[in-house]
Amino acid sequence: MTESTINRRRDEFPTLVSGIHLLSHSLGPVPLAARESMLAYCDAWEHHTGEDAWATSWWELSQLVGDGVARILGGEAGSVQIQPNASIALASVASCFDFKATGRNKVVTTVLDFPSMEYIWDAQKELGAVVEVVPSADGVSIPLERLLAAIDERTCLVALSHTSYRSSSRIDARAIVEHAHAKGALVLLDVYQSAGVVELEAANWNVDFLIGGTIKWLCGGPACGYLYVRPDLQRAFKPRLTGWVAHEAPFDFAHAPMRYARSVRRFAQGTPSIPALYSALPGLEIIEAVGLAAIARESRRRTEWMIAFALEHGWTLNTPRKSNERGGTVMIKVENGPAMVERLAEKKVFVDCRPNAGLRISPHFFNSDEEVEEAMGILAKLIR
Ligand SMILES: Cc1ncc(COP(=O)(O)O)c(C=O)c1O
């Protein structure tokens, strides 16, 4: 492989001494600073004697983390509301639509999306939604024309992954947003498998919603999802999935009707997961400091090398070959995925597998080239 000058900051990730961590599509390694951050949370918690916790730190924290995520998504400050997880972020958006109000009741999604996507839209059928799940001929990608053809004058929302969890296939966000808007439809992209490894341009794409979370490529803890809402659209929505934190004056504890906050906080529900916010901050800071352009470049360089290695060995790839059509993961077909994951783990190579995907292998900025080469070499010996 060619040389890279990226700052890997390996000493800041204690997990990396345990083996070769290639699991950033699933569970990122914890930064050392996250331990300090969580301890700072415990420390502050011990000293809170009442509701002062809200005033002194907790209330602002959601916004601080939200703005950190917004920068990674290519959005402006005030465009992201932290959510309990990506599924709730999606359900919040679903709860904004009244499918029976107009003739626009169609939601377009795809077979390559994470299951929550289909489950949540399927559940909206009872409320009048018509759902089109666009199929994939090869289980890896869907041609852009096929996606665009599904978006018509009855479509209210196009909701799909920017990068697929099962093939790493990446869609052309700008083309989809442009076409959907021309047809009068909104666009939601699940960027869970993109944010932190692929450069995103929420504002430039003019995309309406983005959802995701921090536990994978962003090196944060669990239960810290996020929802980006296009700033000029925010006040047009009244999510039915709501709660007191979404109120314009939450500490008034007023009776209904709900008076939604005039900021992105109108997409909140109840008490935020404060420990999750503390756990997410250090990872966001590291990703931003290393730099998304450098991380994305590094990801392309290594995944290209891995793909060439796989093809030289005659393996079947379940991932697009072209780097602009792919995220940071390479999927390789193996006969018995779970058994291979176990055998690799015995050799201290940590990857996972999914049905119809095969092995999922993800180099991130903290992995050395030697690690990536060693992991692929071990896999070659095991496949033989
Ligand atoms: C692309 C994608 N979307 C959504 C999810 C689920 O996220 P959550 O558990 O936060 O709802 C995952 C995670 O595993 C994912 O890979």
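Which residues are around the ligand? The close-up views below, taken from a predicted model, begin with that site.

**Figure 1. Residues around the ligand in the predicted model.** The ligand is surrounded by Asn85, Ala86, Ser87, Phe114, Tyr165, Asp190, Tyr192, Gln193 and Lys216. Sorted by class, this shell comprises four nonpolar, three polar and two charged residues.

**Figure 2. Side chains that place an N or O atom close to an oxygen atom of the ligand, including that of serine 87.** For serine 87, the separation between a side-chain N or O atom and a ligand oxygen is 2.5 Å. The corresponding distance is 2.7 Å for lysine 216 and 2.9 Å for glutamine 193. On its own the ligand has 400 Å² of accessible area, of which the protein covers 81%.

**Figure 3. Serine 24 in the loop between β1 and α1.** The flanking elements are β1 (20-21) and α1 (32-47). Serine 24 counts as buried because its relative accessibility is 0%, the cut-off for this class being under 20%. Residues up to four places away in sequence aside, serine 24 touches Lys216, Trp217, Ser362, His364 and Phe366. One of these, Lys216, is also among the residues around the ligand.

**Figure 4. Serine 62 in helix α2.** Helix α2 spans residues 52-73. With a relative accessibility of 12%, serine 62 counts as buried. Beyond its neighbours within four places in sequence, serine 62 is in contact with Gln81, Ile82, Pro272 and Leu277. Serine 62 and leucine 277 are separated by 215 residues in sequence, yet their C-alpha atoms are 6.9 Å apart in space.

**Figure 5. The buried and exposed sides of helix α10.** Within α10 (residues 337-346), the buried residues are Gly337, Met340, Val341 and Leu344. Viewed down the helix axis, the buried residues of α10 fall within an arc of 105 degrees, so they line one face of the helix. An α-helix has 3.6 residues a turn, so residues three or four places apart point the same way. Pro338, Glu342 and Glu346 are exposed on the other side of α10. The cover over the buried residues of α10 includes β10 (349-350), β11 (352-354), β12 (358-361) and α11 (369-383).

**Figure 6. The two ends of helix α10, with asparagine 336 at the N-terminal end and lysine 348 just after the helix.** Asparagine 336 caps the N-terminal end, with a side-chain oxygen 3.2 Å from the backbone nitrogen of alanine 339. Just after α10, lysine 348 adopts a positive phi of about 65 degrees.

**Figure 7. Backbone geometry at alanine 223 and asparagine 356.** Alanine 223 is not a glycine, but has a positive phi of about 65 degrees. Alanine 223 belongs to the loop between β7 (209-213) and β8, and is partly exposed, with a relative accessible area of 43%. Asparagine 356, likewise a residue other than glycine, has a positive phi near 65 degrees. The loop between β11 and β12 holds asparagine 356, which counts as exposed at 62% relative accessibility.

**Figure 8. The cis peptide bond between alanine 256 and proline 257.** Omega of this bond is about 10 degrees. Proline 257 lies in the loop that runs between β8 (225-229) and α8 (274-290).

Terms used:
Residues are numbered from 1 along each chain as its sequence is written. This is a predicted model: local features need pLDDT of at least 70, side-chain atom pairs count only at pLDDT 80 or more; totals for chains, interfaces and linings use all residues. Side-chain values use heavy atoms; hydrogens and water are left out. A residue is near a molecule or strand if one of its heavy atoms lies within 4 Å of it. A polar contact is a pair of N or O atoms within 3.5 Å; within protein, one must be able to donate a hydrogen and the other to accept it, and residues adjacent in sequence count only if both atoms are side-chain atoms. Accessible areas come from the Shrake-Rupley method with a 1.4 Å probe; for residues, only the protein chains shown count as cover. Ala, Val, Leu, Ile, Met, Phe, Trp, Tyr, Cys and Pro count as nonpolar, Asp, Glu, Lys and Arg as charged, and the others, Gly among them, as polar. Buried means under 20% relative accessible area, exposed over 50%, partly exposed in between (1.4 Å probe, protein chains only). Helices (H or I, at least four residues) and strands (E, at least two) are DSSP runs, numbered from the N terminus. The arc is that of the directions from the helix axis to the C-beta atoms. Contact means heavy atoms within 4.5 Å.
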